[in-house]
Protein chains: 4
Amino acid sequence: MNKNAFCPTPPMGWNSYDYYGTAVTEEQVKANARAMAEKLKPFGWEYVVIDISWYAHGADGTDQNYFYLPFNTAELDEYARLQPDPARFPSAAGGQGFKPLADYIHSLGLKFGIHIMRGIHRQAAHQHLRIMGTDTTADHIAEPNNVCRWNPYMYGVRNTPEGQAYYDSIIQQYADWGVDFIKCDDICNTDNLNDHTELGYARKHEIEMLSSAIQKAGRPIVLSLSPGPAIIQKSWHYAKHANMWRISDDFWDEWPLLKDMFPRCEIWQDHVKAGCYPDCDMLPVGRLGGGFGRERATGFTRDEQRTMMNLWCLFGSPLMVGAELSLLDDWTLSLLTNQKVLAMLTPDCRPDQIRRTEDEAVWVAENQKTGERYLGLFNLSDQEREVAMDFGDLWPETAQGEELWSGEAVPVAESRLAARLAPHASAVYRLS
Amino acid sequence: MNKNAFCPTPPMGWNSYDYYGTAVTEEQVKANARAMAEKLKPFGWEYVVIDISWYAHGADGTDQNYFYLPFNTAELDEYARLQPDPARFPSAAGGQGFKPLADYIHSLGLKFGIHIMRGIHRQAAHQHLRIMGTDTTADHIAEPNNVCRWNPYMYGVRNTPEGQAYYDSIIQQYADWGVDFIKCDDICNTDNLNDHTELGYARKHEIEMLSSAIQKAGRPIVLSLSPGPAIIQKSWHYAKHANMWRISDDFWDEWPLLKDMFPRCEIWQDHVKAGCYPDCDMLPVGRLGGGFGRERATGFTRDEQRTMMNLWCLFGSPLMVGAELSLLDDWTLSLLTNQKVLAMLTPDCRPDQIRRTEDEAVWVAENQKTGERYLGLFNLSDQEREVAMDFGDLWPETAQGEELWSGEAVPVAESRLAARLAPHASAVYRLS
Amino acid sequence: MNKNAFCPTPPMGWNSYDYYGTAVTEEQVKANARAMAEKLKPFGWEYVVIDISWYAHGADGTDQNYFYLPFNTAELDEYARLQPDPARFPSAAGGQGFKPLADYIHSLGLKFGIHIMRGIHRQAAHQHLRIMGTDTTADHIAEPNNVCRWNPYMYGVRNTPEGQAYYDSIIQQYADWGVDFIKCDDICNTDNLNDHTELGYARKHEIEMLSSAIQKAGRPIVLSLSPGPAIIQKSWHYAKHANMWRISDDFWDEWPLLKDMFPRCEIWQDHVKAGCYPDCDMLPVGRLGGGFGRERATGFTRDEQRTMMNLWCLFGSPLMVGAELSLLDDWTLSLLTNQKVLAMLTPDCRPDQIRRTEDEAVWVAENQKTGERYLGLFNLSDQEREVAMDFGDLWPETAQGEELWSGEAVPVAESRLAARLAPHASAVYRLS
Amino acid sequence: MNKNAFCPTPPMGWNSYDYYGTAVTEEQVKANARAMAEKLKPFGWEYVVIDISWYAHGADGTDQNYFYLPFNTAELDEYARLQPDPARFPSAAGGQGFKPLADYIHSLGLKFGIHIMRGIHRQAAHQHLRIMGTDTTADHIAEPNNVCRWNPYMYGVRNTPEGQAYYDSIIQQYADWGVDFIKCDDICNTDNLNDHTELGYARKHEIEMLSSAIQKAGRPIVLSLSPGPAIIQKSWHYAKHANMWRISDDFWDEWPLLKDMFPRCEIWQDHVKAGCYPDCDMLPVGRLGGGFGRERATGFTRDEQRTMMNLWCLFGSPLMVGAELSLLDDWTLSLLTNQKVLAMLTPDCRPDQIRRTEDEAVWVAENQKTGERYLGLFNLSDQEREVAMDFGDLWPETAQGEELWSGEAVPVAESRLAARLAPHASAVYRLS
């Protein structure tokens with residue numbers, strides 16, 4: 001299987017984390033899937049992804065307030081493989097795993113994804129559980145001092161045939177369940193000096209094990225790596241083994257984080273290719289945080305939300321909505337369903353940052369197949385500001401731009417297109 | 001002008017440094033140009049490049065033994081522009097500059113290149129020389145504490161319109177002389193904490209000034225940046241403004257440096273595109289070091305030299321010979337004129353590192369236009385070793401490989417091609 | 001209690017690690033204690049220290065070959081406090097702990113020490129054991145991702161009153177047993193990026209908790225911190241809370257490690273004070289490694305061993321012998337019992353490095369109370385070499401030196417004392 | 001000469017920089033000296049120090065706005081030795097140097113100091129001036145790429161006998177002039193990656209050359225090293241060769257800089273000894289900045305100024321006033337002449353930081369000779385705050401404290417002394 005064919009365009013979907021944290025239940029996932037099928041699917045949205053802790057007993061969304069639940073237990077099968085907690089996922093009872101839920105999602109014409117942590121659960125190691133298809137036990141494949149910086153559930157897996165057998169066994173199970181997308185965490189940037197050999201990339205072998213296990217399982221499972229920032233020196237390795245990799249730490253609805261995505265996209269602009277997507281992380285829009293016990297509307301202004309969409313789409317990032325979809329308001333729905341903006345979201349569009357300062361950014365993109373040309377003007381400052389593009393050198397024949405949110409046509413005079421933009425606002429144009 | 005069209009394939013040529021150091025003379029350059037025209041030109045070699053210090057009074061090749069000549073003078077015109085030292089370049093007398101020599105090189109069907117140091121000469125700053133086309137003097141555009149770590153001749157140029165005017169004035173002069181290739185030094189990686197703002201990339205604006213000056217001058221001058229290692233985070237910026245950039249510090253005829261080029265190529269493998277070439281540096285083959293007062297044969301074994309050629313060509317690096325060309329022996333000539341190997345040297349060939357350990361490396365490359373496929377097997381260890389490629393996943397239909405140095409046909413059995421290789425040796429195959 | 005009074009001179013003793021690794025037994029400790037009492041005690045040697053893993057089930061000395069025993073269990077009491085493994089320490093059976101063994105050591109006129117790892121055992125956290133004197137359980141004071149880089153047994157303890165209660169409870173137990181010396185590991189330099197707040201010194205609060213617990217327990221227990229290198233910026237904090245702290249990573253019988261101790265002593269030379277000792281680590285002399293299953297003589301030459309003693313004593317480091325004492329040969333015994341050399345081992349002697357290059361070092365020390373002056377000449381090179389001290393500036397009245405190993409009197413001529421030294425050899429003089 | 005005897009207590013004086021920048025004149029120096037003699041001398045103030053650029057032609061105080069004057073010239077004698085610019089120091093005309101001015105200062109019962117930059121002036125190198133007492137010229141001892149990061153006047157001096165001869169020649173001249181104090185700049189922390197060998201301490205040999213030259217000259221010249229932060233690993237080396245060394249970058253009248261001095265003093269607290277003073281930098285009080293063309297009152301509040309005095313004196317830092325002394329107001333005069341506070345300023349007083357958080361700090365100091373004990377309570381927060389000391393452990397017999405600014409006696413109850421302090425305020429007590 002050619003893993004680049006698993007997702008010829010950047011994946012679009014929904015992820016449970018921004019609203020539900022660790023606490024999402026089967027019914028909530030289904031409700032979001034139904035909302036997606038109804039309102040977003042026609043615009044290309046298709047993945048429904050359950051984030052961290054689906055196997056953790058007692059996870060209630062507020063647990064990460066105190067660094068996950070202290071030394072709680074998890075649902076495991078006899079082969080050290082994590083299973084959905086039946087308290088939250090009743091259909092998983094009796095060893096069914098996520099198969100019933102995946103079937104339901106598929107019945108809506110959507111795809112099903114899960115989050116996993118790199119490694120093997122600590123409980124398996126302490127209980128010396130057997131590894132499927134081997135004569136060994138979990139204590140021999142677990143590295144006891146390789147514990148994630150921000151979540152203590154798992155131990156890293158050794159680079160041995162038995163370690164590969166473990167990964168093969170879990171991925172085969174996920175394939176059997178019907179999983180289409182795996183977001184693997186604590187693997188893209190493992191900023192963990194316990195292993196001094198390759199700063200931030202010490203678990204390269206676990207990426208390769210995952211990739212190999214997916215090939216063996218024979219199901220086209222999209223592989224997404226977290227957290228960022230990804231290591232630019234390893235770009236070739238991500239591109240060889242994964243479909244998307246995070247270029248920042250967790251992204252939330254705060255302007256400094258959004259502004260900071262501009263230099264990140266700058267660095268990665270030459271690395272967007274079919275099946276290979278540097279990932280700007282989830283879109284924290286709409287209603288958020290309910291599962292954390294602090295439900296709220298996104299902290300982004302409307303201008304900032306459009307700036308985010310403009311950058312993600314011009315750049316070519318995957319789009320994963322964080323909002324509770326059954327609570328989606330009309331404005332947010334319009335944000336996510338602007339077909340003219342979403343048309344940029346293809347690796348055929350090659351992004352090119354023209355300019356970036358503390359105060360503004362200018363990006364262009366050209367579709368290599370259709371010849372469509374796009375321009376984004378961004379005001380990164382805290383004051384109103386005119387941002388302009390001079391086409392003299394690049395595309396001197398440009399005559400006008402259609403702004404894709406307002407629909408307005410803006411003429412190009414003296415090879416120049418300019419916009420007066422509110423703080424943090426932006427405009428994106430299709431040129432002709 | 002589209003700078004990527006200046007060199008649609010990696011530049012191939014000769015550079016005076018490895019043999020002559022700082023001391024090369026007009027006659028020696030001409031002799032090398034004649035040798036190139038006669039023996040190498042038919043195989044694609046075309047650039048004749050004069051390296052550092054052509055303007056320095058008294059430079060005699062041994063000067064860098066004591067950090068260049070202490071506080072010596074340089075040949076400058078009234079506008080702070082460096083001129084060839086007439087003691088070594090007689091045809092430059094009377095303000096002719098390199099024009100007569102460039103004309104001669106062109107008459108042989110070859111192209112002419114020069115080395116420059118980033119910045120403005122210290123003598124110009126201390127003498128307050130005028131900057132062409134401005135009302136200012138050199139002391140106002142020079143940054144007095146911005147001195148290269150390894151050569152003290154120049155001061156960095158400020159990021160001002162007057163600074164740009166200076167760069168415009170020198171590039172216009174080089175264009176007028178007929179220069180086709182500029183190797184600018186102390187600019188690609190300026191590992192100089194004097195400027196803490198961007199470690200290793202503090203002189204970004206001087207790269208942009210050079211690029212802009214070349215566009216204004218209107219002559220297709222290939223821009224080559226030294227020294228390395230280039231900063232991978234800035235790959236997009238090199239690709240936007242330059243044609244080639246060094247990925248290592250100075251490369252010489254020592255195995256550890258050659259072995260070290262493998263991880264460097266690994267990092268840069270996705271960055272080879274038409275007009276954009278990560279540069280593995282000069283080929284220190286044949287006779288070297290004469291101008292330094294220590295003439296010698298290359299320290300590389302023949303196996304190592306072929307390993308170097310195999311890597312440079314598979315990867316897609318520019319090729320600049322360091323040997324004195326009029327002293328070229330037959331074996332070295334054969335090394336440089338293997339058409340089947342040189343056929344890989346095009347950005348149409350996409351390199352892909354399959355595997356690298358301390359002991360071996362395997363690379364493949366596929367020509368996107370012709371479909372030709374290549375395989376390189378490298379023994380990086382100090383013992384004889386079998387190195388193999390398994391085609392099962394990648395190109396299962398492969399039936400055999402033609403080794404491009406021996407001409408031998410090697411069958412692929414059980415999807416596997418293997419070579420028994422001497423220490424540091426390699427084999428490169430065209431597959432069918 | 002003033003902790004500096006616990007050890008007015010650098011502690012001298014024996015530590016089980018270099019010979020026994022993790023496997024030492026009660027009988028072996030007793031045998032070494034008897035050998036010390038008989039042969040070394042008259043020269044100031046007094047501490048008998050049991051190193052790592054005395055609580056670990058199944059520890060057999062070879063376990064660290066594979067990173068300690070994978071997920072083995074430990075002897076714990078109901079309050080999460082580690083107890084000696086009765087399989088190796090029979091007298092500890094029935095909850096006696098180390099009291100019987102400590103009593104035996106004390107009966108020989110010696111002092112008793114133990115090694116501990118910072119933190120609380122993982123088994124206690126997973127079993128949610130109660131913390132003495134609190135309402136909380138181990139899972140609430142353990143930091144689940146704070147695992148030592150090189151030993152996985154323990155979790156770090158949180159900086160809370162309950163965490164302090166845990167440390168109080170273990171130190172009180174050690175005091176009750178009669179412990180005189182605690183070597184706490186994984187605390188002096190915790191080079192562990194999991195905590196980014198203070199690189200290498202993230203567990204400052206556990207040092208303070210230990211120090212406070214010792215004060216509360218009311219027994220003068222010497223506190224020794226490992227591993228090094230200690231953080232020089234925190235020298236004041238070590239000096240405030242501990243009695244000795246390692247200035248290097250583990251020291252073994254290899255010349256590069258010994259040579260490397262010279263720059264370490266250079267840095268710490270101003271920090272030797274009564275009760276405050278930068279620690280050069282154990283003396284790997286005599287028979288070593290038996291408990292690891294590879295018994296051997298020290299790899300140091302006799303010259304190197306004297307160089308080690310000269311440096312440790314001039315500098316003022318604690319002295320902990322690593323040899324199996326019941327196997328001590330006469331020469332090694334003479335090395336450890338040279339009273340004239342050991343006379344330098346007092347903080348009254350202020351060390352002063354006069355000179356250090358790659359090839360040699362010169363140190364002097366002056367006893368602030370007695371006025372005795374000492375000189376050490378060290379050949380750090382691999383060739384025979386003359387090393388000299390010029391007294392012109394410092395002590396012009398010096399007339400001669402008595403070499404303290406040979407007893408030879410060497411005259412000072414023209415204010416200069418010189419020695420012709422074999423590679424890695426040294427000479428140490430008392431001046432008059 | 002024992003350099004520690006040159007200044008048995010921390011030097012106290014005035015420095016021209018904070019008011020005059022680079023532009024101070026002879027008359028202004030004399031006026032400040034007279035003011036010192038009259039008002040401050042009885043309280044221990046004695047050094048009058050002329051800061052940077054006394055040799056620079058055209059220096060006018062505003063020059064550092066544009067990185068000193070671009071490529072201006074300097075007053076040099078035939079031996080490459082800098083001379084006072086006679087335009088500003090008329091008495092220096094005719095080769096008198098600073099002798100007449102030093103004589104004047106001495107006649108007031110004060111001491112005379114100057115600032116120098118490490119190295120040799122660039123003009124001397126470019127003009128190939130002779131080095132006194134040698135056959136060599138300046139271009140051979142100057143390192144052409146060793147230019148200070150923030151001032152471009154000088155080149156570093158090579159570690160050769162000729163380099164030492166240069167330093168000998170300038171220090172002998174300064175001794176002949178009657179200089180008592182040299183503040184050498186660009187030498188304490190040379191954060192200059194041009195020399196990768198010892199980060200921040202690459203010019204160790206120039207410190208040793210200065211120290212050696214002072215010994216040879218035979219005059220007790222106090223050696224002060226700038227800028228900081230000094231490298232703690234080299235504390236022993238500073239202590240061996242210099243009298244004071246800066247522990248911060250330039251200190252000005254801004255609260256964040258003052259707050260930041262607390263962790264710096266924390267690190268250096270064990271390093272204050274007779275003749276060896278970590279230096280907190282000048283006191284920017286009174287009238288400042290006149291020579292820069294922006295005369296102003298200090299930006300510190302009165303509480304902050306007392307906090308500064310309390311810390312500097314408890315810690316044991318040299319005191320160098322930055323104010324224009326002839327403009328000194330009564331309150332500032334009282335700040336500088338509190339004898340009870342200044343009584344702490346002796347190395348007999350050993351400082352000891354008891355506690356430091358973001359919000360407060362507590363220091364004590366005990367005079368080893370007189371037994372006097374001091375306590376400082378500091379509010380580092382931006383709110384009013386009670387700060388307290390508990391004497392239970394340290395000095396349980398303490399009965400009361402006399403606050404040294406208010407004169408108020410504060411009783412100690414339950415072993416505790418507390419103060420309610422305004423933001424950034426502090427109190428300092430003599431205990432009894």
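This report walks through helix packing, aromatic pairs and a few individual residues in the predicted model above.

Residues are numbered from 1 along each chain as its sequence is written, while chains are lettered from A and ligands numbered from 1 in the order in which they are written. Because the model is predicted, local features need pLDDT of at least 70 and side-chain atom pairs count only at pLDDT 80 or more, whereas totals for chains, interfaces and linings use all residues; side-chain values use heavy atoms, with hydrogens and water left out.

## Helix pairs

Let us start with three pairs of helices. Helices (H or I, at least four residues) and strands (E, at least two) are DSSP runs, numbered from the N terminus. Axes are lines fitted to C-alpha atoms, for helices over the stretch in contact, and angles run from 0 to 180 degrees between N-to-C directions.

| Helix pair | Angle and axis distance |
|---|---|
| H6(D) (residues 161–177) and H7(D) (residues 204–217) | about 50°, 8 Å |
| H9(D) (residues 255–268) and H10(D) (residues 302–315) | about 15°, 11 Å |
| H2(A) (residues 26–40) and H3(A) | roughly 15°, within 10 Å |

Angles under 35 degrees count as roughly parallel, over 145 as roughly antiparallel, 65 to 115 as roughly perpendicular and the rest as oblique. With its angle of about 50°, H6(D) is oblique to H7(D). H6(D) passes H7(D) in a right-handed crossing; a crossing is right-handed if the near helix is turned clockwise from the far one by less than a right angle, and left-handed if anticlockwise. Contact means heavy atoms within 4.5 Å, and the residues of H6(D) that meet H7(D) include Gly163(D), Tyr167(D) and Ile171(D), with Met209(D), Leu210(D) and Ala213(D) among those on the H7(D) side. The residues of this contact divide into eight nonpolar, four polar and three charged. For these classes, Ala, Val, Leu, Ile, Met, Phe, Trp, Tyr, Cys and Pro count as nonpolar, Asp, Glu, Lys and Arg as charged, and the others, Gly among them, as polar.

Further along chain D, an angle of about 15° makes H9(D) roughly parallel to H10(D). Their crossing is left-handed. From H9(D), Trp255(D), Leu258(D), Met261(D), Phe262(D), Cys265(D) and Trp268(D) meet Glu304(D), Thr307(D), Met308(D), Leu311(D), Trp312(D) and Phe315(D) in H10(D). By class, that contact has ten nonpolar, one polar and one charged residues.

In chain A, H2(A) and H3(A) are also roughly parallel to each other, and their crossing is right-handed. Here Glu26(A), Val29(A), Lys30(A), Ala33(A) and Arg34(A) in H2(A) meet Leu101(A), Tyr104(A) and Ile105(A) in H3(A). The contact holds five nonpolar, no polar and three charged residues.

## Aromatic pairs

Rings of Phe, Tyr and Trp (its six-membered ring) pair if their centres lie within 6.5 Å; planes under 30 degrees apart count as stacked, over 60 as edge-to-face and the rest as tilted. By this rule there are 96 aromatic pairs over all chains. One of them is stacked: the rings of Tyr238(A) and Trp245(A) have centres 5.6 Å apart and planes at 20°. Buried means under 20% relative accessible area, exposed over 50% and partly exposed in between (1.4 Å probe, protein chains only). Tyr238(A) is buried at 0% relative accessibility, and Trp245(A) is buried at 1%.

Phe98(C) and Phe112(C) form an edge-to-face pair, with ring centres 5.5 Å apart and planes at 70°. This pair links distant parts of the chain, 14 residues apart: Phe98(C) sits in the loop between strand S2 (47–50) and helix H3 (99–107) of chain C, and Phe112(C) in strand S3 (residues 111–117). Both Phe98(C) and Phe112(C) are buried.

## Individual residues

His106(A) lies in helix H3 (residues 99–107) of chain A and is partly exposed, at 27% relative accessibility. Leaving aside neighbours within four places in sequence, His106(A) is in contact with Lys111(A), Phe112(A), Gly178(A), Asp180(A) and Arg219(A).

Ser248(D) is found in the loop between strand S9 (244–246) and H9 of chain D, and is buried at 4% relative accessibility. Beyond its neighbours within four places in sequence, Ser248(D) is in contact with residues including Pro227(D), Met261(D) and Cys280(D).

## Between chains

No contact joins chain B and chain C, whose closest C-alpha atoms lie 22 Å apart. Chain A and chain D have no contact either, with their closest C-alpha atoms 22 Å apart.
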